[in-house]
Amino acid sequence: MGFVQISTREKIIELLTEAGDGFVSGETLAKKLNCSRAAVWKHMEELRKEGFELEAVRKKGYRIKGTGDKVTKNEIRYGLGTKRLARNIHYRETIDSTQRLAHQLVQEGCPDGTLVIAEQQTGGRGRLRRSWYSPKYTGIWMSIVLRPDLPPQMAPPFTLIAAVAVAQAIEETAGIVPEIKWPNDLLIGGKKCAGILTELEADTDRIQAVITGIGINVNETDFPDPLKSIATSLSLASGKKVKRALLIQRILEKLEKYEEIYLQNGFAPLKILWESYANVAGKKITAHTLKGDISGSAVGITDDGVLQLEGEDGQMHAIYSADIEI
Ligand code: BTN
């Protein structure tokens, strides 16, 4: 019974969303949902309680006024095609960092697939202790807790898997193909539109949690000064506003699918997909590593996701973590 109720409401949201600013009559909804008009009205009341802004006008019908520029928990939930990811959602209007809360939830024993998402971060974190600009209502700032039963040495490809999921979801929802800059940057026209921060909680032999932090500049129309020259947003690049809830859903679905492939068959089957978005192979690069800089030519990545770099002295280097300058 519960399932039937949810899928009827899902269908209502779908029909109203398809109609955009237009109205859908109660009669049409009742016909399509195979229920009475009174039942439609009851579903509308329930949806309103869940936070949807629905307008009802006599003789015209219903329309969705949307949720302003907000992404609600329910918008993420309805129509989401995942089995495990985001079944448990922690939504915040403002937070210091979704990554920080995700770590706390892991300590409290949260389930695999837990999603932490916020409209704004006041202390968003990037790699290498950099800060991450996370203004309100424009981007996607989220952390996903994955709890695979794996040894810690199998964790590094999770960054690459997330990068592929994000790149592909951007391509499908915004119609632009981003480039992946190993290991965790997504670029459009050489400017950064998204970043991934993967953090690990592990015992010596087992992963406790992989916390995948994803930050995407979606509908920003401008950036403050030092960022202006190096950052872009999907809407600046495509010229249109992108529906954030849809992008979030597509990312979660792809991340779940690719994680399952990785768990069953390793990174090798995902490598080709990763390479189709990657921008380093064959290029002259400098890898800034903790042990110093290595310049040379990027050969590609291994089946474990490690970057292979042929140094200027002809020696092959395996790069596990670095900042890449192209
Ligand atoms: C990077 O490119 O350096 C990684 C950026 C990761 C930013 C995201 S936004 C959501 C999550 N919470 C954080 O504090 N950081 C990550």
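Which residue of β11 does Ile285 stand opposite? Before the answer, a word on what you are looking at. This is a predicted model, in which local features need pLDDT of at least 70, side-chain atom pairs count only at pLDDT 80 or more, and totals for chains, interfaces and linings use all residues. Residues are numbered from 1 along each chain as its sequence is written.

Now to the answer: the residue opposite Ile285 is Gly296 in β11. Helices (H or I, at least four residues) and strands (E, at least two) are DSSP runs, numbered from the N terminus. Strand β10 (residues 284–289) and β11 run antiparallel and are joined by 6 bridges; two strands count as paired if DSSP finds at least two bridges between them. In general, strands of a sheet pair through backbone hydrogen bonds, either parallel or antiparallel.

Let us widen the view to the sheet. Here 5 strands form an open sheet in the order β13-β12-β11-β10-β14, with antiparallel pairing. Its edge strands, β13 (316–319) and β14 (323–325), each pair on one side only.

Follow the chain from β11 into β12 (residues 307–311): these two strands run antiparallel, joined by 5 bridges, and Ala298 stands opposite Leu309 in β12. They form a hairpin with 5 residues between them, and Gly305 in the turn has a positive phi of about 85°. A further hairpin links β12 and β13, with 4 residues between them, and in its turn Gly314 has a positive phi of about 85°. The β12 and β13 strands pair over 4 bridges in the antiparallel sense, and Leu307 has Ile319 of β13 as its bridge partner.

Next, turn to helix α10 (residues 268–277), where Leu270, Lys271 and Trp274 are buried. A residue is buried if 20 or more other C-beta atoms, placed from the backbone, lie within 10 Å of its own, exposed if 12 or fewer, and partly exposed in between. The three buried residues lie on the same side of α10 because they cover an arc of only 115° around the axis, the arc being that of the directions from the helix axis to the C-beta atoms. On the other side of α10, Ile272 and Ser276 are exposed.

Finally, visit Thr72, in the loop between β2 (61–69) and α4 (73–77). Thr72 is partly exposed because 19 other C-beta atoms lie within 10 Å. Thr72 and Gln315 are 243 residues apart along the chain, and their C-alpha atoms are separated by 52 Å.
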